[in-house]
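Hi there,

Here is the structure we talked about, ready for you to open. My notes follow below it.

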Amino acid sequence: MTDPIPQTGPLIDIRHLSVPLPRGADRPFAVEDLSLTLNRGEILCVVGETGSGKSLTALSLMGLLPTNLPRPQGEIMFEGRDLLRLSRSERLRLSGRRLAMVFQEPIAALNPIYRVGAQVSEVFRLHTDLKAAEIREKVIELFREVRLPDPEAILRAYPHQLSGGQCQRVMIATALALDPALLIADEPTTALDVTTQAQILKLMLDLRSTHGTGILFITHDFGVVAEIADRVAVMRHGKLVEIGTRDAVLNDPQADYTRQLIAAVPRLAPKTTAAVLGEPVLRAEGLTKTYKTRTLIGASREVAALKGVDVTLRRGETLGLVGESGSGKSTLAQCVIRLVEPDGGEVVIDNGAFTGLTGSALRHARRKVQIVFQDPYTALDPRHAVGDAIAEGPIIHGLPREEAKARALDLIEAVGLERSAARRFPHEFSGGQRQRICIARALAVQPDLLIADESVSALDVSVQAQILELLAQMQKDLQFGLLFITHDLRVASRICDRIAVMQRGVIVEQGPAAELFANPREPYTRELLSAVPGRDWQDRPSQGQQP
Amino acid sequence: MSRPNVITVMASSILVAAVAAAVFGNVFTPHLVTDQALMSRLQPPAFMGGSAEFPLGTDRIGRDMVARLVAGLQMSLSVALAGTLIGAIFGTFVGFLAAHFRGLTEEILMMFVDFQASLPFILIALTLLAFFGNSMVLFVILMGMFGWETYARLARGVVLSARAQPYARAVEALGAGPGRLYLRHILPNVASALIVQVTLTFPQIILLETSLSFLGLGIQPPNTSLGQILGDGRDYLSTAWWISVWPGALIFLITLSMSLLGDALRDRLDPMLKTRTT
C-alpha cells in the first residue's frame with residue numbers, strides 16, 4: 001500500500017480494448033475497440049444483452065479471461081500501469097488489494113468446505129502481515145459494515161448455512177477487505193430475490209460514499225441502472241453503443257439500440273384493458289405440499305412448500321403468481337399440473353377433477369393443462385426435430401399423424417417462426433426462438449390452462465417483450481387461462497389481469513392488478529413493490545414520451 | 001471436429017480386422033477346424049521351418065492353427081457379444097425400472113445390484129457351472145450376468161437426472177405414457193453413456209470367457225474358443241509355444257483395442273470434455 005498512486009485523471013482508463021475470439025466463433029471479437037473511463041467514487045453501469053461482451057470486459061480487467069481466448073489487445077490503464085501487460089506476480093499483488101471482484105452466484109463463489117470467516121481472512125493472510133486476532137477483528141468489522149447480522153456467528157458458519165443475500169454480503173466484505181480502489185461487480189444481484197437485491201444495491205451506494213470506491217457494475221437490468229448508476233455504458237455485440245450520465249441515457253437515449261432496449265423494459269404499471277372472461281377453467285382448493293428430506297441416518301427435515309392454497313382462474317384470464325424464491329409458487333404450478341403430487345387439496349380443471357386421476361385417465365386429462373418452463377435450452381428434447389416435438393402432443397392424444405404435423409406447421413407459423421423450422425433441431429435456434437417452440441408445443445394440444453413458470457426470466461429484455469406479446473396474442477386467439485409465475489413485478493404488471501402474492505407457502509394477497517399495485521394491503525406486498533429497482537424512472541416527468 | 005487420433009484409428013482397424021477374420025477367415029485355409037493330420041502334429045509356423053500348408057503351425061493332434069484360430073475367434077466374439085448384449089439390456093432395464101418406480105421397488109432392485117457387485121463373479125460362475133454342468137446356453141447366460149449391475153447403476157443414475165430435465169417433464173405433461181417417455185425421449189439421450197459402458201464390459205467378458213475356457217469350464221470340445229486353444233497349449237509351452245501365443249496375442253489385441261476405443265468414445269461423448277474442445 002506504499003505504491004505512489006497518481007491522484008489525477010480517471011481511476012481506470014480503457015483504451016481500444018479488443019478481446020479476440022478463437023477462430024470459428026460467430027464473430028471475430030468478443031469485445032471490439034472499447035474505450036471508456038471510470039472515475040474515483042463513481043458507479044459506472046455496463047448494460048447489455050447476452051453476448052454483448054460485458055462480462056468479458058470485466059474479466060479482462062481482472063486478468064481472468066478464459067485461457068482458450070487469444071490475448072486481448074489495447075490498454076487498460078490503472079494507477080499508472082497497463083493491466084493487460086502485468087507480470088504474474090504484479091497481477092497477484094494487485095488482485096484483491098487494489099482491484100476486487102464480486103460475482104453473480106454468491107453461493108458458488110464461496111468454498112463449501114471452509115468456514116466463512118476463514119475464507120474472508122484469507123485475503124488478509126495473503127496480502128498483510130496481520131496476526132490472527134487482528135484479522136479476526138478486521139473481519140468482524142467488515143461484516144458489521146456490510147450489515148451482516150451477528151458477525152461472530154457468521155464467522156463460524158459454513159456457506160450453506162447462509163442465505164443467498166448473506167453470501168453476497170460476505171463476498172462484498174471480502175472484496176472490500178483491503179479497501180480496493182476499484183470494485184468490479186458482475187451481475188451481483190441477478191441471482192437474488194428482489195427485496196434482497198434492494199438491500200445489496202443500497203449497501204453498494206453506501207460503500208461507495210464511505211470508501212470512495214469506483215464501481216464497475218455489470219448488469220442487464222435497467223431498473224438496477226436507474227437505481228445506482230452515475231454513468232451508463234450500453235454495449236452490443238462487443239461494441240460500445242452509447243455512454244453517458246444515467247439521466248441522459250435513460251431519459252434521452254441517443255442510439256436506436258438503447259431506445260429499443262429501454263422501450264422493451266416493462267413499465268411497473270398494471271395493464272388496464274380488461275380481458276373478456278369466460279367460465280372458470282381452474283379451481284384449486286386447499287393445496288398442500290410438504291417436502292421431506294431424509295438424511296443417511298434417517299432423520300428427516302420437513303419443508304412446508306404449500307400450506308392450503310386456493311386459486312381460481314377463468315378462461316381468457318391471466319393470473320400472476322409472484323413471490324420470492326422459496327415462496328412455493330413453482331411448487332403450486334407443479335401441483336396444479338401434477339408433475340408433483342400434492343399432499344392434500346383438490347384441482348378441478350375445466351369442470352373435471354384433475355387430482356385423483358391415475359394411469360391413462362390422468363394421461364388423457366393432461367391435455368387440458370400445459371406448461372412452459374423457464375429455461376428454453378433444456379425444455380426441448382435435443383434429439384427431436386422441432387416439428388416432431390410440437391406434433392407429439394396431438395399424436396399422443398389420438399390425432400392422426402398427418403393432421404398433427406399440419407397443426408404443428410400452423411403453430412410454428414403462429415408463434416412467428418418459418419415453416420421450415422419444423423425440420424430443424426432445437427440447437428439451431430436462439431433462446432427466444434426456443435421459447436416460441438415450447439409455447440407452440442404446449443398449445444398444440446389445445447389446453448384450457450397454460451402455466452408459464454418463469455417463462456421469460458432467462459431471456460434478454462427485448463426478447464422478453466416479444467414473448468410476452470406472443471403469449472397475450474395467443475391467449476386472445478385461443479382463450480385459455482394463463483397462470484403466469486414470475487419473480488419480476490414489472491413483467492407481471494405487463495401481462496397479468498389479477499395478481500396473487502405468495503410468501504412462505506400461502507397466498508398473502510390477491511386482487512386485480514391495478515388495485516394491488518395502487519393500494520397494496522399487506523406489508524409484504526408493499527415491501528415487494530418498493531423493492532423493485534428503479535421503480536419510478538419510467539414515469540418521471542422528465543421521461544418524455546416513449547417511442 | 002478434431003481429427004481422430006492415430007491410436008483410435010489403429011484400435012478400430014484391429015477390431016474391424018478381427019471381425020473380418022472371424023467372418024471370412026476360412027478362405028485362408030483349406031483345412032476344416034476338425035481335420036486332424038496326425039502325421040503333422042506340433043508343426044511350427046511356416047516362417048520357423050514349418051510347411052506352407054500350415055502357415056501358423058498345427059496343434060497336438062495336427063489341426064491347422066489358422067482354422068482353429070478362426071473358429072475360436074468366431075466363438076469368443078459371438079459369446080462375448082451375446083453376453084454383453086444380454087447384460088446391457090437386462091441391466092439397463094433394471095435401472096430404468098428402479099428409476100421409474102423409485103421407493104420400495106428401487107430399493108429392492110438396487111439391493112440385488114449391491115448383492116451382485118459384492119460377490120466375486122468368477123466364484124459364482126464356477127459354482128453354477130459345477131452345479132448345472134456345462135451347456136452353451138447356460139454359459140452364454142452366465143456371460144450375460146456379468147456386469148449387468150454396472151448397467152443398472154449407471155442407467156438408474158442417468159435416467160433419474162434425465163427425468164428431471166424440463167424436456168422430460170414437458171413430455172410427461174403432454175400426457176405421454178412411460179413407454180414413449182423412456183424409449184423415445186430418455187433412452188436416446190442417455191444412450192451415449194450406456195454405449196461407453198458396453199465398450200468397457202465387452203473386453204472384460206472376453207477375458208472372463210477365456211479364463212473359464214482356459215480352466216476347462218467354458219467352451220467344451222468339439223467347439224473351441226480362444227481361451228480354450230490357449231489352455232490347450234499350456235502343456236506344450238516349452239516345445240510348441242505357437243499354440244498358446246497366437247490366441248493369447250489375439251485376446252490381448254482385441255481387448256486392448258476395445259478399451260482404447262471405449263476411452264476415445266467416452267472423451268467424445270462426455271459433455272464436459274466437449275465444451276472444452278469447441
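On one side of helix H10 of chain A, A:Asp256 and A:Gln260 are exposed (over 50% relative accessible area with a 1.4 Å probe, protein chains only; buried is under 20%, partly exposed in between). On the other side, A:Tyr257, A:Thr258, A:Leu261, A:Ile262 and A:Ala264 are buried. These buried residues share a side because they cover an arc of only 160 degrees around the axis, taken from the directions from the helix axis to the C-beta atoms. Helices (H or I, at least four residues) and strands (E, at least two) are DSSP runs, numbered from the N terminus.

Please keep in mind that this is a predicted model: local features need pLDDT of at least 70, side-chain atom pairs count only at pLDDT 80 or more, and totals for chains, interfaces and linings use all residues. Residues are numbered from 1 along each chain as written, chains are lettered from A and ligands numbered from 1 in the order written, and side-chain values use heavy atoms, leaving out hydrogens and water.

Now the salt bridges (a side-chain nitrogen of Lys or Arg within 4 Å of a carboxyl oxygen of Asp or Glu). There are 35 over all chains. One joins A:Glu454 to A:Lys329, with the closest N and O atoms 3.8 Å apart; the two residues are 125 residues apart in the chain. A:Glu454 is buried at 9%, and A:Lys329 is buried at 8%.

In chain B, B:Arg68 pairs with B:Asp232 at 3.2 Å, and both are buried.

Best wishes
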